[in-house]
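Biologist: I have not looked at this one before. Can you walk me through it?
Modeller: Yes, here it is.

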Amino acid sequence: MAPSRAAERKQTSGVMVPAWFRVASKHQETADTWSLALEPVGDELAPFFPGQFAMLYAFGAGEVPIGVSGDLTRPGPLVCTVHAVGAVSRAICGLPEGDQLGVRGPFGTSWPIEQAHGRDIVVVGGGIGLAPLRPIIYHVLAHRERYGKLLILCSGRSPAELLYVEELEDWRGRLDMDVKVTVDTAGPDWHGLVGIVTTLIARAGFDPARATAFVCGPEIMMR
């Protein structure tokens, strides 16, 4: 289920002038992907909801849209996972802790997670697509009694390109969710599943009539 224009929650329009945020901390997820925890230097922005994105502005480089990937159920830094694929995203990933960047938002519609109360939740994330889906997982875990099964199906092009590896391992140890991980290609050191993320759907064991799926990934995965 994609973010819906008919979502019950009213969306907050994004601000036009960037607010300055400080890079409170950063974590390298893969060779070219970083998660940045951003704290406001002055004025705070309106609250973000799962599925919304921010415009991140790197001084002298430009601005790019980045989905929010952190836990939005409790107060804390604004977390964005950035894949360094262009000049602006590389500049953002290269910012050291303590440096500042501009943030505009929130923009976009949210995932309609509240419409899925009482249903099983299936999250399908291909590569960097898991980043904007992660707030849904946090939301379901924070309100576990409102939902049925929670299934996480995710992938990377290789084991080295999987996001949130430590967190996925922690989630695998929980009894109230099922996490399945695959990679497109792997060497002999990989002992997990190999194949595109959609091959996990048949293994997931859920009833489509009772489930709501939230899906994000590359175009080939969507096809």
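**A glycine to start with**

Modeller: G62 is buried, because its relative accessible area is 19% and the cut-off for buried is under 20%. This is a predicted model.

Biologist: Where does G62 sit?
Modeller: G62 is part of strand β4.

Biologist: And which residues is G62 in contact with?
Modeller: Leaving out neighbours within four places in sequence, G62 is in contact with L56, Y57 and V88. As for G102, which is 40 residues from G62 along the chain, the C-alpha atoms of the two are separated by 9.8 Å.

Biologist: What does β4 pair with?
Modeller: Strand β3 (residues 53-58) pairs with strand β4 (residues 62-67) over six bridges, in the antiparallel sense. Within that pairing, E63 in β4 is the bridge partner of Y57.

Biologist: How many residues lie between the strands in that hairpin of β3 and β4?
Modeller: There are three residues between the strands, and G60 takes a positive phi near 85° in this hairpin.

Biologist: What about β3 and strand β6, parallel or antiparallel?
Modeller: Antiparallel, with four bridges between β3 and strand β6 (residues 100-107). F53 is opposite F107 in β6.

Biologist: Back up a bit. What pLDDT does the protein average?
Modeller: The average is 91, and 93% of the residues score at least 70. Strand β5 (residues 78-83) has the highest confidence, at 98, while helix α5 (residues 219-222) has the lowest, at a mean of 82.

Biologist: Where is the pLDDT below 50?
Modeller: Over residues 2-14. That stretch still has 29 contacts in the model beyond near neighbours in sequence. Where pLDDT is low, the predicted coordinates should not be read in detail.

Biologist: You mentioned β5. Why is β5 described as largely enclosed?
Modeller: Because five of the six residues of β5 are buried, the strand is largely enclosed by the rest of the structure. β5 runs antiparallel to strand β2 (residues 33-40), and six bridges join the two. T33 is opposite H83 in β5.

Biologist: Different topic. In what order do the strands of the open sheet come?
Modeller: The order is β10-β9-β8-β7-β11, five strands with parallel pairing. β10 (193-194) and β11 (211-216) are at the edges with a single partner strand each, so each has one side without a neighbour in the sheet.

Biologist: How many bridges are there between β7 and β11?
Modeller: Six, and strand β7 (residues 120-126) pairs with β11 in the parallel sense. V122 is opposite A213 in β11.

Biologist: Now the rings. How many aromatic pairs are there?
Modeller: A search of the whole structure gives four aromatic pairs. For Y138 and W171, the ring centres are 6.2 Å apart and the planes are at 75°, so this pair is edge-to-face. Y138 is in helix α2 (residues 130-142) and W171 is in helix α3 (residues 165-172), so the pair links distant parts of the chain, 33 residues apart.

Biologist: Y138 and W171, buried or exposed?
Modeller: Both are buried.

Biologist: What else touches W171?
Modeller: M177 does: not counting residues up to four places away in sequence, M177 touches W171, I137, L141, L150 and I152. M177 is in the loop between α3 and β9 (178-183). Its relative accessible area is 9%, so M177 is buried.

Biologist: Which rings have a charged end over them?
Modeller: The ring of W34 has the charged end of K26 over it, 4.4 Å from the ring centre. The ring of Y164 has the charged end of R134 over it, 3.8 Å from the centre.

Biologist: Last thing, cysteines. How many disulfides does the structure hold?
Modeller: Zero.

Biologist: Why is there no bond for C80?
Modeller: Because the closest cysteine sulfur, in C93, is 11 Å from the sulfur of C80, which is too far for a bond. C80 has 0% relative accessibility, so it counts as buried.

Biologist: And how far is the nearest cysteine sulfur from C154?
Modeller: The sulfur of C216 is the nearest, at 13 Å, and C154 is in no disulfide. C154 also counts as buried, at 1% relative accessibility.

Methods:
Residues are numbered from 1 along each chain as its sequence is written. This is a predicted model: local features need pLDDT of at least 70, side-chain atom pairs count only at pLDDT 80 or more; totals for chains, interfaces and linings use all residues. Side-chain values use heavy atoms; hydrogens and water are left out. pLDDT is the predictor's confidence in each residue, from 0 to 100. Contact means heavy atoms within 4.5 Å. Rings of Phe, Tyr and Trp (its six-membered ring) pair if their centres lie within 6.5 Å; planes under 30 degrees apart count as stacked, over 60 as edge-to-face and the rest as tilted. Buried means under 20% relative accessible area, exposed over 50%, partly exposed in between (1.4 Å probe, protein chains only). A charge sits over a ring if NZ of Lys or CZ of Arg is within 6 Å of the ring centre and within 35 degrees of the ring normal. A disulfide is a pair of cysteine sulfur atoms within 2.5 Å. Two strands pair if DSSP finds at least two bridges between them.
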